[in-house]
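This report considers two features of a protein model: a pocket and a patch on the surface. Please study the sequence and the structure before reading on.

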Amino acid sequence: MLLHDTALIYGRYLRQSLRSRFALLFGVLTPLLYLLFFGPLLTDLPLGGAGSSWQVLVPGLLLQLGLFGALFAGFTVIVEKGQGVVERMRVTPVSRLALLLGRVLRDTTVFVFQAVLLVLAALVMGLRAPVAGILIGFGFVALLTLSLAALSYALGMKVRTPQEFGPLINMVSMPSMLLSGLMLPMTLAPAWLNVLSHFVPFRYLVDAVRDAYVGHYATAHMLYGVLVAVGFAALTVTVGTRVFRTAGA
């Protein structure tokens, strides 16, 4: 029943996304602009890691796509609460976990699709990376999107208005972007900033994907990245399910 219910919710929201093709393409616009206008500035610069500047920048942009896109997913559930959609779903026999999973799996599908478009553009710009590394990068994007979308929906169920939601998300997203090394490796930062960045879980995902893009798979960065990504996903889905079950009850 869980699989059946999840498929129903997933299909409903995926059809909504497919009806808005412009939004699908618009979501990848910001990382694409970074790729086009920021990437060439890094060419031939010593960035303190293995591989080319594209192998440093593109993994960060992939995770930036998941970070910012998924964190703002909760706006939709605020709108649905106001329209009574959430309450009508919650009085049905559908599993509360399915109500969350259907939504986050839709978001994961959309952002992995956008990640594919971003990588294709990067290959045209000069990115060279092993196929296995690129696929691993998509896996991390999927896990990050699932985690942050679940967290965002949970927060969206708790707050009353978009005006409350936006500042809270910005308070999380901006420090996360700056301290996780999305744009440049944190090894280039002063020692105190590098140490501080280790308290941001997204740092471990960025380091893991960068290792994958240069063909290094059996590394400490990869191990830590997988553990953090899987653990964070399990935690946020658990929290999100509990919120969907109890919020407003």
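## The largest pocket

A pocket is an open set of grid points, where a 1.4 Å probe fits, with protein on both sides within 12 Å along at least five of seven lines. Rolling a probe the size of a water molecule over the atoms reveals where empty space remains. The model discussed here is predicted. Its largest pocket holds about 810 Å³ of space.

The lining of this pocket consists of 29 residues, and those nearest its centre are G69, F72, A73, D107 and F111. Two or more lining residues are given by each of the helices α1 (2–18), α2 (21–26), α3 (29–37), α4 (53–71), α5 (74–83) and α7 (96–125). Helix α7 supplies the largest share, with five residues.

## Character of the lining

By residue class, the lining of the largest pocket comprises 17 nonpolar, nine polar and three charged residues.

## A nonpolar surface patch

The residues F22, F26, L29, L33, L36 and F37 together make a nonpolar patch of about 640 Å² on the surface. Helices α2 and α3 are the elements that give two or more residues to this patch. The largest share, four residues, comes from α3.

One member of the patch, L33, is found in helix α3. Is L33 buried or partly exposed? With a relative accessible area of 37%, L33 is partly exposed. A patch is made of residues with over 30% relative accessible area, so the 37% of L33 satisfies this cut-off.

Notes
Residues numbered from 1 in each chain as written. Predicted model: local features only at pLDDT ≥ 70, side-chain atom pairs only at ≥ 80, totals over all residues. Heavy atoms only, no water. 1 Å grid on protein atoms, 1.4 Å probe; cavity = no way out; pocket = protein on both sides within 12 Å on 5 of 7 lines; lining within 4 Å. Points joined across faces, edges and corners; volume = space filled by probe spheres on them. Nonpolar A, V, L, I, M, F, W, Y, C, P; charged D, E, K, R; others polar. Patch = residues over 30% accessible without salt bridge, like charges linked within 9 Å, V, L, I, M, F, W, Y side chains within 5 Å. Areas by Shrake-Rupley, 256 points an atom, 1.4 Å probe, with all protein chains shown as cover. Salt bridge = Lys/Arg side-chain N within 4 Å of Asp/Glu carboxyl O. Buried < 20%, exposed > 50% of the residue type's maximum accessible area, 1.4 Å probe, protein only.
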